[in-house]
Amino acid sequence: MAEPVQGADGTALDEVVTFTSELIRIDTTNKGGGDCFERPAAEYVAERLAAAGLEPTLLERTRGRTNVVARIEGTDPSADALLVHGHLDVVPAEAADWAVHPFSGEIRDGVVWGRGAVDMKNMDAMVLAVVRSWARLGIRPRRDIVLAYTADEEASAEDGSGFLADRHPGLFEGCTEGISESGAFSFHPDPGMTLYPIAAGERGTAWVKLTAHGRAGHGSKVNTANAVTRLAAAIARIGSHPWPVRLTPTVRAALTELAALYGIEIDVTADGFDVDGLLEKLGPAAALVEPTVRNSANPTMMDAGYKVNVIPGHAVAYVDGRMVPGGEEEFRETMDRLTGPDVEWEFHHREVPLEAPVDSPTFAKLRAAVEHFDPAGHVIPFSMSGGTDAKQFSRLGITGYGFSPLKLPPGLDYAALFHGVDERVPVDALHFGVRVLDRYLRSA
């Protein structure tokens with residue numbers, strides 16, 4: 001039994017480890033084809049919420065694609081509600097590549113191993129542990145807190161947060177802000193320096209389908225209307241395009257705080273501000289910001305032809321595009337220009353970019369909760385290069401922050417573990433997360 005700590009009780013520290021391990025053992029692999037089955041994980045969560053005196057609701061758009069929503073009543077009915085959400089699905093894992101089986105949930109040498117250990121069954125477990133601790137201690141938060149455990153985040157969110165936002169908005173009545181994954185993890189860019197980036201923005205998703213049409217024919221003949229050639233030329237232009245700098249308020253704040261930590265004087269509002277020059281000076285810390293200073297578009301898939309000596313009449317490719325807040329029109333105009341007259345393009349999947357205020361009382365409380373348990377750490381705002389369910393919930397007017405606190409040891413690369421091989425989380429990091437979440441949610 002772990003020793004009691006300030007805030008959450010010792011049982012919560014034991015439970016967060018157990019819950020993380022047991023959730024990992026429930027295989028909720030989402031390959032994106034609609035065959036994921038989150039219901040066993042949803043039932044696991046619902047049972048433990050019910051045991052804490054809550055009334056969880058299970059909701060499905062598609063059979064087996066289950067979401068769980070529950071509300072904790074706060075002590076101040078006039079206060080806005082807070083959404084705390086996490087997804088139950090995980091990306092695929094090839095067992096042969098791992099040191100341990102990715103769905104074993106093995107606890108070895110103080111570390112919990114398995115797919116979802118950081119994305120994001122750890123956060124699911126931390127929230128469960130905090131809520132159950134409150135039930136034992138008779139604690140109620142000031143604000144109503146709505147808990148949402150979603151399906152399908154690792155694909156389109158159509159069976160998860162998108163479905164909840166579209167079909168069950170009443171469950172989120174009063175919610176103005178939310179917290180979820182991909183923030184408040186420790187990052188060690190230099191010896192003796194610990195950063196905790198809290199996400200206050202997300203680039204928008206712009207998955208694009210390219211289609212080139214041409215003249216089919218024999219591979220031995222001259223063909224100046226070759227669809228594959230046209231498509232390849234467009235892909236080359238897109239892949240090598242130098243996107244211009246476009247700094248959002250969150251990224252400006254991140255650059256300013258990072259520069260101050262490194263003793264570098266900058267003015268991010270000055271004409272001709274050299275962001276690339278600053279990133280070079282920041283060294284490893286630049287990795288937190290570099291993907292979000294521009295739009296981007298990376299070709300990822302191609303499909304053309306059926307026989308080596310036959311020139312096909314059409315060819316298809318896909319591009320993973322990302323748009324910074326305010327960069328949507330630039331992205332469209334650039335794709336029009338780079339694809340040219342012989343290639344059509346369309347959005348295959350699109351999600352809006354997000355921006356949350358970093359000078360808000362909420363961000364200040366998130367910062368304070370982390371720094372209370374690591375006074376030597378430095379919290380900085382940052383923008384995610386990818387995206388989360390916060391995009392879907394933003395349709396309900398909910399401002400989202402990435403806040404899934406973990407104190408990781410130097411050398412454990414959080415970014416590499418995300419969707420990577422040998423995903424794992426230290427037990428101590430889970431304990432830290434429970435303490436920080438408990439403190440923030442009580443103060444929120």
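Reader: Let's begin with charge. How many positive and negative side chains does the protein chain have, and how far apart do the centres of the two sets lie?

Author: Happy to start there, with one reminder: this is a predicted model. The protein chain carries 63 negative side chains and 41 positive ones. The centres of these two sets are 4 Å apart.

Reader: Thanks! How many helices and strands should I look for in the protein chain?

Author: You should find 12 helices and 18 strands. The radius of gyration is 23 Å, close to the 22 Å from the globule rule for 444 residues, so the protein chain is as compact as a globular protein of that length. The C-alpha trace spans about 80 × 55 × 45 Å along its principal axes.

Reader: What share of the residues in the protein chain is buried? And what about the surface?

Author: Buried residues are 55% of the 444. The accessible surface of the protein chain is about 18400 Å², and carbon and sulfur atoms provide 50% of that. For contacts with a separation of 6 or more, 78% are between residues 24 or more positions apart.

Reader: Now a single residue, please. Where is S383, and is it buried or exposed?

Author: The cut-off helps here: a residue counts as buried under 20% relative accessible area. S383 sits in strand β16, which covers residues 378-384. Its relative accessible area is 4%, so S383 is buried.

Reader: Which residues is S383 in contact with, beyond its neighbours in sequence?

Author: Setting aside residues within four places in sequence, S383 is in contact with G201, E202, R203, T250, V251, L288 and T292. Look at G201 in particular: its backbone oxygen lies 3.4 Å from a polar atom of the S383 side chain.

Reader: T29 caught my eye too. Where is T29 placed?

Author: T29 is in the loop between α1 (10-25) and α2 (39-51). With a relative accessible area of 17%, T29 is buried even though it belongs to a loop. The side chains of T29 and D27 are joined by a polar contact of 2.5 Å. Beyond four places in sequence, T29 touches C36, V90, V91, P92 and F103.

Reader: How far is T29 from D152, in sequence and in space?

Author: In sequence they are 123 residues apart, while the C-alpha to C-alpha distance is 9.7 Å. D152 is in another loop, between β6 (145-150) and α4 (161-167). Like T29, D152 is buried, and its relative accessibility is 4%.

Reader: I'd like to read the backbone angles as well. What is the general idea?

Author: Most residues other than glycine have a negative phi, and most peptide bonds are trans. With that in mind, look at D152, a residue that is not a glycine and has a positive phi of about 65°. H419, also not a glycine, has a positive phi of about 65°.

Reader: Where is H419 found, and how exposed is it?

Author: H419 is in the loop between α11 (414-417) and β18 (424-426). Its relative accessible area is 41%, so H419 is partly exposed.

Reader: And the peptide bonds? Which residues does a cis peptide bond join?

Author: D119 and M120 are joined by one, with omega at about -15°. To find the spot, go to the loop between β5 (111-113) and α3 (121-137), where M120 is located.

Definitions and conventions. Residues numbered from 1 in each chain as written. Predicted model: local features only at pLDDT ≥ 70, side-chain atom pairs only at ≥ 80, totals over all residues. Heavy atoms only, no water. Helix = DSSP H or I, 4+ residues; strand = E, 2+ residues; numbered from the N terminus. Buried < 20%, exposed > 50% of the residue type's maximum accessible area, 1.4 Å probe, protein only. Polar contact = N/O pair within 3.5 Å; in protein donor to acceptor, adjacent residues only side chain to side chain. Contact = heavy atoms within 4.5 Å. Rg over C-alpha atoms; globule rule 2.2 N^0.38 Å. Areas by Shrake-Rupley, 256 points an atom, 1.4 Å probe, with all protein chains shown as cover. Lys, Arg positive; Asp, Glu negative; His and termini not counted. Charge placed at Lys NZ, Arg CZ, Asp CG, Glu CD.
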